[in-house]
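Trainee: I'm new to this one, and I'd like to know the reasons behind the labels people put on it. Can we go through them together?
Mentor: Sure, let's put it up and start.

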Amino acid sequence: MGNSGKCALCGRVYTKRGMSRHLKSCLKKNMIPGKGDPAKGGQAGGGLILSVEGYDDPQYWLYLEMPFETELYELDQFLRQIWLECCGHMSAFKIRGNYYNTAPSSEWDEKDMDICVHSILSPGERFIHVYDFGSSTVLALKIIDLAPARAFPGEEITILARNTAPQYRCDYCNSIAVKICPECSFDGKGWLCEKCAEKHPCGEEMLLPVANSPRVGVCGYSG
Ligand SMILES: [Zn+2]
Ligand SMILES: [Zn+2]
Ligand SMILES: [Zn+2]
Ligand SMILES: [Zn+2]
């Protein structure tokens, strides 16, 4: 079930693909007059609908809604907070061959993130986010739609749907894994249950908790 997720608007469960279809109609229903649609007296302006998934681990996915005014650095902050942040690494978006970096280098013609997402991206466009240029976690993003109103007006970036946490089995005894060893995960031997974690030769202090994130088991990521 790791690939399914729940719609934040109606609570129904769909696969990632099914969710994309479902959100189109569910959003329409939930942008009720007075709540979100500015044409009908709602206070909120329109927004962008986007999908995010792990580039190498697409079983981790999100559908987001965000105001037109959202700038790249706000999206970066959001992604850090929900999925990525371990020790304040640099990050960058790659959009149509341009780099938007938390610490832009003029030598490489990089830009900063103080720019409105809406001004540089249109529906259907894909782009990339990279967190940490050493042990990188790469995310694939896509602008799904421009909506005339938002289901969650007044809020900043909001989760419309998110994958349910995948369950992993211990690589040693097949029980439910609760820890991951970053060293041993390179050899496909990193998932550990409670018991096997206690006697793991790398030492318990090395181990990281299992988290619902494409950065699980990387650097110091603890969820
Ligand atoms: Zn729904
Ligand atoms: Zn780190
Ligand atoms: Zn075990
Ligand atoms: Zn280990």
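Trainee: What makes β5 and strand β6 (residues 98–101) a pair?
Mentor: This is a predicted model, and in it β5 and β6 are joined by 4 bridges in the antiparallel sense. The rule asks for at least two bridges between the strands, so with 4 bridges β5 and β6 count as paired. One of the partnerships is Ile95 with Asn98 in β6.

Trainee: How many residues sit between β5 and β6 in the hairpin?
Mentor: There are 2 residues between them. Arg96 is in that turn, with a positive phi of about 50°.

Trainee: Why is a positive phi worth a remark?
Mentor: Because most residues other than glycine have a negative phi. Arg96 is not a glycine, yet its phi is positive, about 50°. Cys219 is another non-glycine with a positive phi of about 50°, and it lies in the segment after β12 (208–209).

Trainee: Are Arg96 and Cys219 called buried, partly exposed or exposed, and why?
Mentor: Exposed means over 50% relative accessible area, and Arg96 comes to 58%, so Arg96 is exposed. Cys219 has 36%, which falls between the 20% and 50% limits, so Cys219 is partly exposed.

Trainee: Back to β5: why is it described as largely enclosed by the rest of the structure?
Mentor: Because 4 of the 5 residues of β5 are buried. Phe93 is one residue in that strand, and with a relative accessible area of 0% it is under the 20% limit, so Phe93 counts as buried.

Trainee: What does β5 do with β7?
Mentor: β5 and β7 also pair in the antiparallel sense, over 4 bridges. Phe93 stands opposite His129 in β7.

Trainee: How many aromatic pairs turn up in a search of the whole structure?
Mentor: The search finds 3. In one of them, Phe93 and Phe127 are 6.1 Å apart, centre to centre, with 40° between the planes. Centres have to lie within 6.5 Å, so Phe93 and Phe127 qualify. An angle under 30 degrees would be stacked and over 60 edge-to-face; 40° is neither, so this pair is tilted.

Trainee: Which strands does that pair link?
Mentor: Phe93 is in strand β5 (residues 91–95) and Phe127 in strand β7 (residues 126–131), 34 residues apart. Phe127 is buried too, because its relative accessibility is 3%.

Trainee: And why is the pair of Tyr168 and Trp191 called stacked?
Mentor: The planes of Tyr168 and Trp191 are 5° apart, and the centres 3.9 Å apart. Stacked needs under 30 degrees, so 5° fits. Tyr168 is in the loop between β9 (158–163) and β10 (179–180), and Trp191 is in strand β11 (residues 191–192), so the pair ties together parts 23 residues apart in sequence. Both residues are buried.

Trainee: How do you know that the charged end of Lys189 sits near enough to the ring of Tyr172 to count?
Mentor: It is 5.5 Å from the ring's centre. The distance limit is within 6 Å, so Lys189 meets it, and its charged end is listed as sitting over the ring.

Trainee: Last one: what makes Thr70 buried?
Mentor: Its relative accessibility is 3%, and buried means under 20%, so Thr70 qualifies. Thr70 lies in the loop between β4 (61–67) and α2 (72–84). Among the residues it touches are Leu75, Ile115 and Ile157.

How values were computed. Residues numbered from 1 in each chain as written. Chains lettered and ligands numbered in written order. Predicted model: local features only at pLDDT ≥ 70, side-chain atom pairs only at ≥ 80, totals over all residues. Heavy atoms only, no water. Buried < 20%, exposed > 50% of the residue type's maximum accessible area, 1.4 Å probe, protein only. Contact = heavy atoms within 4.5 Å. Phe/Tyr/Trp six-rings, centres within 6.5 Å; stacked < 30°, edge-to-face > 60°. Lys NZ or Arg CZ within 6 Å of the ring centre and 35° of its normal. Lists of a residue's contacts leave out its neighbours within four places in sequence.
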